[in-house]
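Here is a model to go through by question and answer, with each descriptive term checked against its criterion.

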Amino acid sequence: MQRREFITLLGAAAAAWPLAASAQQPAMPVVGFLSSISAADRPHHTEAFRQGLNETGYAEARNVTIEYRYADNRMDQLRPLAADLIARKVAVIAAVAGNNTALVAKTLTSTIPILFTSGVDPVKAGLVASLNRPEANVTGVSWFAAELGQKHIEALHELVPKAELIALLLNPNNPEGAFYEQSAQNGARALGRRLLVLKAGTAPEIDAAFATLAEQGAHAVAIGSDPFYAARVRQLAVLAARHVVPMISAGRELPAAGGLISYGNSVTDAYRRVGIYAGRILKGAKPPDLPVDRATKFELVINLGTAKALGLEIPPTLLARADEVIE
């Protein structure tokens, strides 16, 4: 071989090395993140999801891509958004912010793993047939939000023992509210109290609901667990202060925003655990091998500043049980 020919071949081979190396690198896995709310709502939950992925060795943009799809509280958008992720052939879909998200995704694919977040019993909600060994392609993380209705009524009774009429605010677009309402009715019945059930699925409807509870003379209000309400905690806190009504919800976001009290599981930690499950699936785990992760820790958060503004004295027994007191 002539020297010039050798040099030409050597140069061509060297030019091909980067292409060959690139071809040998595995494609970066893609995770779908499907949410019923908007990107601006509760960004700390999305960050917690990424943290869970990080704990399993996956960092966004470094060795995993996350495709985000938000329905902006429009349930009719969930189906086309889920279909888009499925067409993208994502490795796993985190279908969060309400059971509807996962139920819609479940109707569209039986092969791509789906991870849900649920505040009700996933079996009753139709997400899985078994908690210990989920079937097919669905598993996730659940907590006890819907079952907390009775506990919330009991806490409000402890705060305002003379309150005979307690308002209950539910989102008509979320079927999970029926579980919370049933639990709250049980609590009210046991205490001999009446419930005023109000429905609100938009910001203006929330305003109208508070006007109604004031007109009807409700002495306290319990907020049903709902992703939309969690995104409207500031509005809820302002309205409760304006109408001078004690308010309770499941998420600590409410007292942190100026509301009075919350009792429930940490939803932020639930999103972190969904991220961990997503990482495990990327490593080869199958949904039936991942039992539904049920939260067991509850936290009671009280805002003393709000209590003072409402003219309420928090009972010492309730303060003693608080996990966090906001001054």
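**Terms and their grounds**

Arginine 42 lies in the loop between S1 and H2. The model is a predicted one.

Q: Why is arginine 42 called buried?
A: Buried means under 20% relative accessible area. Arginine 42 has a relative accessible area of 10%, so the residue counts as buried.

Q: What is notable about the phi of arginine 42?
A: Phi is positive, about 50°, although arginine 42 is not a glycine.

Q: Why is alanine 61 called exposed?
A: The cut-off for exposed is over 50%. Alanine 61 has a relative accessible area of 65%, and is therefore exposed. Alanine 61 sits in the loop between H2 and S2, and its phi, near 75°, is a positive value in a residue other than glycine.

Q: What makes S1 and S3 a pair?
A: Two strands pair if there are at least two bridges between them. Strand S1 (residues 30-35) and strand S3 (residues 92-96) have five bridges, in the parallel sense, so the criterion is met. Within this pairing, leucine 34 stands opposite alanine 95 in S3.

Q: In what order do the strands of the open sheet run?
A: The order is S2-S1-S3-S4-S5-S11, six strands with parallel pairing.

Q: Why are S2 and S11 placed at the edges?
A: Strand S2 (65-70) and strand S11 (293-294) each have a single partner strand, so one side of each has no neighbour in the sheet.

Q: Which strands does helix H2 lie across, and at what angle does H2 run to S2?
A: Helix H2 (residues 43-55) lies across S1, S2 and S3 and runs at about 155° to S2. Angles over 145 degrees count as roughly antiparallel, so H2 is roughly antiparallel to S2.

Q: Which strands does helix H11 touch?
A: Helix H11 (residues 267-282) packs on the sheet and touches S1, S3, strand S4 (114-118), strand S5 (138-142) and S11. Its direction makes about 170° with that of S4.

Q: Why are H3 and H4 called oblique to each other?
A: The axes of helix H3 (residues 78-87) and helix H4 (residues 99-108) cross at roughly 55° and come within 9 Å. Roughly parallel needs an angle under 35 degrees, and roughly perpendicular begins at 65. The crossing angle fits neither class, and H3 and H4 are therefore oblique. H3 passes H4 in a right-handed crossing.

Q: Which residues of H3 make the contact with H4?
A: Leu78, Arg79, Ala82, Ala83 and Ile86 do so, against H4 residues including Asn100, Val104 and Leu108. The contact residues divide into seven nonpolar, three polar and one charged.

Conventions:
Residues are numbered from 1 along each chain as its sequence is written. This is a predicted model: local features need pLDDT of at least 70, side-chain atom pairs count only at pLDDT 80 or more; totals for chains, interfaces and linings use all residues. Side-chain values use heavy atoms; hydrogens and water are left out. Helices (H or I, at least four residues) and strands (E, at least two) are DSSP runs, numbered from the N terminus. Contact means heavy atoms within 4.5 Å. Axes are lines fitted to C-alpha atoms, for helices over the stretch in contact, and angles run from 0 to 180 degrees between N-to-C directions. Angles under 35 degrees count as roughly parallel, over 145 as roughly antiparallel, 65 to 115 as roughly perpendicular and the rest as oblique. A crossing is left-handed if the near helix is turned anticlockwise from the far one by less than a right angle, and right-handed if clockwise. Ala, Val, Leu, Ile, Met, Phe, Trp, Tyr, Cys and Pro count as nonpolar, Asp, Glu, Lys and Arg as charged, and the others, Gly among them, as polar. Buried means under 20% relative accessible area, exposed over 50%, partly exposed in between (1.4 Å probe, protein chains only).
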